[in-house]
Amino acid sequence: PAQPLVLPSILAADFTTLGEDVADVLDKGADGIHVDIMDGHFVPNLSIGVPIMASLRKRFPDAYFDVHLMVTNPELFVQPFADAGADHITFHIEATAGRKENHEFDLIKQIKATGCTAGISFNPPTTAASVQHLVGHVEMFLAMSVHPGFGGQKFIPEVLDKIRELSPKLPDTARFEIDGGVGPVNAGDVAAAGVDMIVAGSAVFGAPDRAAAIAAIKAG
Ligand code: DX5
Ligand code: ZN
């Protein structure tokens with residue numbers, strides 16, 4: 001199979017030199033940039049918001065920006081992030097619990113109406129069966145391999161079973177992304193399980209040789 005795409009997460013970048021850090025990883029083989037949005041409610045942390053997305057799009061008109069909404073009310077943020085320049089927006093299935101029935105389908109419709117592609121993410125304790133009804137409706141499944149909220153955590157290997165279970169069911173047009181604790185040491189395992197998009201924060205931005213880190217993750 002083709003090598004997976006690698007998307008560095010800017011959560012691990014230096015925000016005082018964000019433009020240079022993004023330019024650097026794009027220059028060194030990154031296929032796009034993963035933008036982690038946290039609201040201090042869905043996850044116990046804050047990160048960045050719409051203005052950063054807008055600045056990144058302005059400076060990098062051709063880059064692919066993959067927005068990961070770790071927020072309680074994704075419907076409030078779809079249009080703002082699309083307007084700010086996102087290419088793709090992922091929300092969490094856990095954020096639809098307790099909302100009105102079919103909320104996830106409304107969110108997917110809302111995302112697609114902006115022209116972005118849509119993704120669904122699921123946390124380590126959430127089963128693959130919880131998102132299987134969205135096969136054919138989203139362009140990306142995102143398996144969290146850490147509990148979301150912080151970069152630099154340890155990879156949870158049990159997620160590989162869920163990827164093996166779900167990835168064969170996806171149409172060719174859909175991507176399977178993994179996020180959290182992935183780097184050169186386990187990239188081969190995640191690709192073998194069926195992932196074709198790898199998010200890596202600390203393993204790329206923290207590497208002494210970022211080009212080598214990206215190449216090693218791709219090579220598996
Ligand atoms: C976790 C974020 C991840 C994280 C990845 O809440 O969604 O994107 O920044 O960082 P690393 O690769 O350092 O685990
Ligand atoms: Zn993420």
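**Exercise 1. Which residues does UniProt place under the feature "binding site" in the entry that includes His-34, and where do they sit relative to one another?**

Step 1. Start with the record. The unreviewed UniProt entry gives His-34, Asp-36, His-68 and Asp-179 as "binding site".

Step 2. Compare sequence with space. These residues span 146 positions along the chain, but no two of their C-alpha atoms are more than 10.4 Å apart, so they gather at one spot. Keep in mind as you work that this is a predicted model.

Step 3. Look at His-34. This residue belongs to strand β2, residues 33-38. His-34 has 28 other C-beta atoms within 10 Å, and because the cut-off for buried is 20 or more, it is buried.

Step 4. List the contacts of His-34. Beyond its neighbours within four places in sequence, His-34 is in contact with Leu-7, Pro-8, Ser-9, Asp-66, His-68 and Val-199. His-68 from the record is thus one of its partners.

**Exercise 2. Take the two residues that UniProt annotates as "active site" and describe the surroundings of each.**

Step 1. Identify them. The annotation, again from an unreviewed entry, covers Asp-36 and Asp-179. They are 144 residues apart in span, yet their C-alpha atoms are no more than 10.4 Å apart, so they gather at one spot.

Step 2. Place Asp-36. It lies in strand β2 and is buried, with 24 other C-beta atoms within 10 Å. Leaving aside neighbours within four places in sequence, Asp-36 is in contact with Ser-9, Leu-11, Ser-47, His-68 and Met-70.

Step 3. Place Asp-179. You will find it in strand β7, residues 175-179. Its 26 C-beta neighbours inside 10 Å make Asp-179 buried. With neighbours up to four places away left out, its contacts are His-68, Leu-142, Met-144, Ser-145 and Val-199.

Step 4. Put the two lists side by side. His-68 appears among the contacts of Asp-36 and among those of Asp-179.

**Exercise 3. Which residues are closest to ligand 1, and what is the make-up of the shell around it?**

Step 1. Find the shell. Ligand 1 is surrounded by 22 residues, and the closest are Leu-11, Pro-148, Gly-151, Gly-201 and Ser-202.

Step 2. Sort the shell by type. It holds nine nonpolar, eleven polar and two charged residues.

Step 3. Ask which elements contribute. At least two shell residues each come from β2, β8 (197-200) and α7 (202-205).

Step 4. Check against the record. A further UniProt "binding site" listing, also unreviewed, includes Gly-151, Gly-201 and Ser-202, each of which is among the closest residues to ligand 1. Ser-9 and Gly-180 are also in that listing.

Step 5. Follow Ser-9. It sits in the loop between β1 and α1 and counts as buried, with 24 C-beta neighbours inside 10 Å. Not counting residues up to four places away, Ser-9 touches His-34, Asp-36, Gly-151, Val-199, Ala-200 and Gly-201.

Step 6. Follow Gly-180. Its place is the loop between β7 and α6 (187-193), and with 26 other C-beta atoms within 10 Å it is buried. Gly-180 touches Met-144, Ser-145, Val-146, Gln-153 and Phe-155, with residues up to four places away set aside.

**Exercise 4. Work out which residues of helix α1 are buried and what they pack against.**

Step 1. Pick out the buried residues. In α1, residues 18-27, these are Asp-21, Val-22 and Val-25.

Step 2. Look down the helix axis. The buried residues of α1 fall within an arc of 95°, so they line one face of the helix.

Step 3. Turn to the other side of α1, where Glu-20 and Asp-27 are exposed.

Step 4. Name the partners. The buried residues of α1 pack against β1 (5-8), β2, α2 (50-59), α7 and α8 (210-219).

Step 5. Check what follows. Just after α1, Gly-29 takes a positive phi of about 110°.

**Exercise 5. Leu-76 and Glu-104: is each buried or exposed?**

Step 1. Leu-76 lies in the loop between β3 (65-70) and α3 (78-84). It has 11 C-beta neighbours inside 10 Å, so with a cut-off of 12 or fewer Leu-76 is exposed.

Step 2. Glu-104 belongs to helix α4, residues 103-113. With 22 other C-beta atoms within 10 Å, Glu-104 is buried.

Step 3. Finish with the contacts of Glu-104. Apart from neighbours within four places in sequence, they are Ile-93, Thr-96, Ile-120 and Leu-134.

Terms used: Residues are numbered from 1 along each chain as its sequence is written. Chains are lettered from A and ligands numbered from 1 in the order in which they are written. This is a predicted model: local features need pLDDT of at least 70, side-chain atom pairs count only at pLDDT 80 or more; totals for chains, interfaces and linings use all residues. UniProt positions are given in the numbering used here, feature names are shortened, and annotations may be inferred rather than shown by experiment. Helices (H or I, at least four residues) and strands (E, at least two) are DSSP runs, numbered from the N terminus. Two residues are in contact if their C-beta atoms, placed from the backbone, lie within 7 Å. A residue is near a molecule or strand if its C-beta atom, placed from the backbone, lies within 6 Å of it. Ala, Val, Leu, Ile, Met, Phe, Trp, Tyr, Cys and Pro count as nonpolar, Asp, Glu, Lys and Arg as charged, and the others, Gly among them, as polar. The arc is that of the directions from the helix axis to the C-beta atoms.
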